[in-house]
Amino acid sequence: KLGIPSVRASRGVYWKPEEIELLGKLPDLEVARRLGRSHEAVALKRAKLGIPSVDYRFWTPEEDELLGTMPDVEVARRVGRNGGAVRARRLKLNIPCRPADADRFWKPEELRLLGTLPDHEVAHKLNRTVKAVGYKRQSRLIPPFRPK
């Protein structure tokens with residue numbers, strides 16, 4: 001009588017058939033926006049009905065093959081996913097990361113600097129990432145710099 005929606009209606013108890021038809025056909029956020037419901041309410045109703053989400057896209061074998069072959073941000077750009085999703089998938093599959101400058105060849109004079117200074121200083125001098133310097137130093141079994 002007061003024009004206040006009932007608690008049961010706000011909990012999503014009442015769903016019209018045409019509202020249910022939208023579930024799984026559009027992203028949950030879009031359904032929520034169109035119906036004036038919360039994202040959580042839409043996701044819960046869809047899940048209760050066993051309707052798969054269009055928000056999640058399974059990884060293809062071709063996408064998995066790219067992991068670790070280039071930096072995560074580059075894989076993300078190529079496969080149309082965000083960097084966090086790429087990193088999570090790579091870690092789940094136990095694939096090591098590839099530093100951004102891993103394809104640059106190391107000159108003998110650059111290699112001689114490894115272990116002579118802290119990795120961050122060597123990285124700055126060589127215009128490489130600290131991760132790449134550390135990886136190269138470790139792969140050559142060179143101990144980290146220790147001041148005397």
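The following paragraphs lead from the overall form of the chain to its helices, its salt bridges and a few backbone details.

The model is a predicted one, and its secondary structure is entirely helical in the sense that the chain holds 10 helices and 0 strands. Read from the N terminus, the order of elements is therefore α-α-α-α-α-α-α-α-α-α, with each helix a DSSP run numbered along the chain. The overall form departs from that of a compact globule: for 148 residues such a globule would have a radius of gyration near 15 Å, whereas the chain has 25 Å. Along the principal axes, the C-alpha atoms occupy a box of roughly 80 × 35 × 20 Å.

Burial and contacts add to this picture. Of the 148 residues, 30% count as buried, and the surface that the chain exposes comes to about 10800 Å², with carbon and sulfur atoms supplying 57% of it. Among the contacts with a separation of 6 or more, 41% are made by residues 24 or more positions apart. The chain carries 31 positive and 19 negative charges, and the mean positions of these two sets lie 5 Å apart.

Charged side chains also meet in pairs. Side chains of opposite charge can pair when their charged atoms come close. The structure holds 12 salt bridges, and several of them can be followed one by one. Asp 28 is joined to Arg 46 by a salt bridge whose closest N and O atoms are 2.9 Å apart. This pair links distant parts of the chain, with Asp 28 in helix H3 (residues 28-35) and Arg 46 in helix H4 (residues 39-48), 18 residues apart. Where do the two partners stand with respect to the surface, buried or exposed? Both Asp 28 and Arg 46 are buried.

A second salt bridge brings together the side chains of Glu 63 and Arg 57, with an N to O distance of 2.9 Å. Its two partners fall into separate classes of exposure. Glu 63 counts as buried because its relative accessibility is 8%, and the limit for burial is under 20%. Arg 57, with a relative accessible area of 38%, is partly exposed because that value lies between the limits of 20% and 50%.

A third salt bridge connects Arg 77 with Glu 74, the closest N and O atoms being 2.6 Å apart. Why are these two residues separated by about one helical turn? Arg 77 and Glu 74 both lie in helix H6 (residues 72-79) and are 3 residues apart, so about one helical turn separates them. The general reason is that an α-helix has 3.6 residues a turn, so residues three or four places apart point the same way. Arg 77 counts as exposed, at 58% relative accessibility, while Glu 74 is partly exposed, with a relative accessible area of 22%. Elsewhere, salt bridges that share partners join Glu 30, Arg 33 and Arg 34 into one network.

The loop between helix H7 (83-92) and helix H8 (108-113) contains Leu 93. This leucine is partly exposed, because its relative accessible area of 35% lies between the two limits. Leaving aside residues up to four places away in sequence, Leu 93 touches Asp 64 and Leu 67. By contrast, the C-alpha atoms of Leu 93 and Gly 36, which are 57 residues apart along the chain, are separated by 39 Å. The loop between H7 and H8 is also the place of Asn 94, which has a positive phi of about 60 degrees although it is not a glycine. Asn 94 counts as exposed because its relative accessibility is 70%, and the limit is over 50%.

Towards the end of the chain, helix H10 (residues 130-139) has Ala 132, Val 133, Gly 134 and Arg 137 as its buried residues. Which helix is included in what covers them? Helix H9 (119-126) is part of that cover. In the segment after H10 lies Leu 141, and here too the backbone takes a positive phi, of about 55 degrees, although the residue is not a glycine. Leu 141 counts as exposed, at 76% relative accessibility.

Conventions: Residues numbered from 1 in each chain as written. Heavy atoms only, no water. Helix = DSSP H or I, 4+ residues; strand = E, 2+ residues; numbered from the N terminus. Rg over C-alpha atoms; globule rule 2.2 N^0.38 Å. Buried < 20%, exposed > 50% of the residue type's maximum accessible area, 1.4 Å probe, protein only. Contact = heavy atoms within 4.5 Å. Areas by Shrake-Rupley, 256 points an atom, 1.4 Å probe, with all protein chains shown as cover. Lys, Arg positive; Asp, Glu negative; His and termini not counted. Charge placed at Lys NZ, Arg CZ, Asp CG, Glu CD. Salt bridge = Lys/Arg side-chain N within 4 Å of Asp/Glu carboxyl O.
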